Structure formats: structure tokens, C-alpha cells
Amino acid sequence: NKPKDVITTTSDEKGRKTVLDLIGDRVEERVFPVGRLDRDTTGLLLLTNDGELAQKMTHPSYKIKKIYHATLDKSIPKEHLEKIREGLELEDGIAPVDEVDYIMERPHTEVGITIHIGRNRIVRRIFAHLGYEVLKLDRVYLGGLTKKDLPRGFVRPLSRQEVIMLKHFTGK
């Protein structure tokens, strides 16, 4: 469960804290992050030593689902949610979104968005395209995994069942 201001990389030339600093010496294998979360984004990040699994989980053809909880600087109307659902044309092409909606019983500044693509800062750019600033972005789901009961900044090993599930999703 990556905290804010932690870099999603194996090392940082500027000496900033990385996701590998979070695990310290608790893992003997050499692991690396699957995909990226930008420095300001919090939430679920998978670390693995399985290069094939990592490649399949990040390739859009496998449609690995990622769900984010975005907090915006202002309320977003239903019309803008519908535009996002239809797929916005960004500078690097159409941004397909699987689902987007308000988070139940929360202000209309809080939105859940489900994607399977992993382009750079894609969720932030989708909302920016319509004039919104993402104040907080938290990944809450990745390919069947959630961060339920995992406090921010903490890590845990996957269960055998979770590994089997991930390999099933990627056909590995």
C-alpha cells in the first residue's frame, strides 16, 4: 500500500524513498514493481520477481482491471462522467475507461474509475482534459487484489491462492 512521496522504482538517483525501501530486507528475492504509481498517487502496488507475470499484468491486451479512487478539486457533473465513459481523445490517443461513477455516499468530488490501460498519469490526464485537478488518487484494486486491511506504507506477501488467481488472469 504505497504512501505518497514514495517513488515507484528500484532505486532513485536523487536519494528519495523508493518502494523497495518499504520492504527493506524482509524479502530475500530481487523484486521489482509491476507498473507504476506516480509519486503523488497512493495505493496498491504489486512487487514481484516474476518478469513474465509482470509483463502480462501491464500489457493492455490482458485487460487487467485497476480501480482508483480519485478526489477532484470540484464536483463533476454526470455529463462529464458520460464523456469519460465514452473515451476521451487525449494527446496520445483515446483513453478507454471501463467504468467511472460517483463513490456512494460521498460528495460528487469523489469518483471511482476503472481502467485496464497503464499509460503515464492517465487518470490524472483524463480529468485534467475536462478541467479538473486530481487532489488525491488512490489505487484500491489491481487484478483481483485489494489493499483491504493493509495500512498505508505496509507490505505483505501474496497468498498461494492470490498467486494462482493472478496467473489465471494472465493465462500464465
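Two strands count as paired here if DSSP finds at least two bridges between them. Strands (E, at least two residues) and helices (H or I, at least four) are DSSP runs, numbered from the N terminus. Keep both in mind for this tour.

Before you click, note that this is a predicted model: local features need pLDDT of at least 70 and side-chain atom pairs count only at pLDDT 80 or more, while totals for chains, interfaces and linings use all residues. Residues are numbered from 1 along each chain as its sequence is written, and side-chain values use heavy atoms, with hydrogens and water left out.

**The whole chain.** Start with everything shown as a cartoon: you will find five helices and ten strands. The radius of gyration, taken over C-alpha atoms, is 16 Å, close to the 16 Å from the globule rule (2.2 Å times the number of residues to the power 0.38). The chain is therefore as compact as a globular protein of 172 residues. Along the principal axes, the C-alpha atoms fill a box of roughly 50 × 35 × 35 Å. Of the 172 residues, 44% are buried (under 20% relative accessible area, 1.4 Å probe, protein chains only).

**Strand β4.** Next, select 66-72, which is β4. Five of its seven residues are buried, so β4 is largely enclosed by the rest of the structure. Now bring in its partners: β8 pairs with β4 in the antiparallel sense over six bridges, and β9 runs antiparallel to β4 with seven bridges. Where do the bridges of alanine 70 lead? In β8 its bridge partner is valine 111, and in β9 it is leucine 137.

**The largest core.** Turn on side chains for the largest nonpolar core, a set of 29 residues. Such a core is made of buried Ala, Val, Leu, Ile, Met, Phe, Trp, Tyr and Cys residues joined through side-chain atoms within 4.5 Å. Ile76, Ile84, Ile113, Ile126 and Phe127 have the most contacts inside it. Elements that each supply at least two of its residues include α1 (19-23), α3 (78-86) and β4. Select α4 (122-129) too: the largest share, four residues, comes from this helix.

**Isoleucine 84.** Center on Ile84 and show its contacts (heavy atoms within 4.5 Å). Leaving out residues up to four places away in sequence, Ile84 touches Ile76, Val97, Val100, Ile113, Ile126, Phe127 and Leu130.

**A second core.** Finally, select Leu46, Leu53, Met57 and Leu166, which are among the ten residues of a second, separate core.

How values were computed. Buried < 20%, exposed > 50% of the residue type's maximum accessible area, 1.4 Å probe, protein only.
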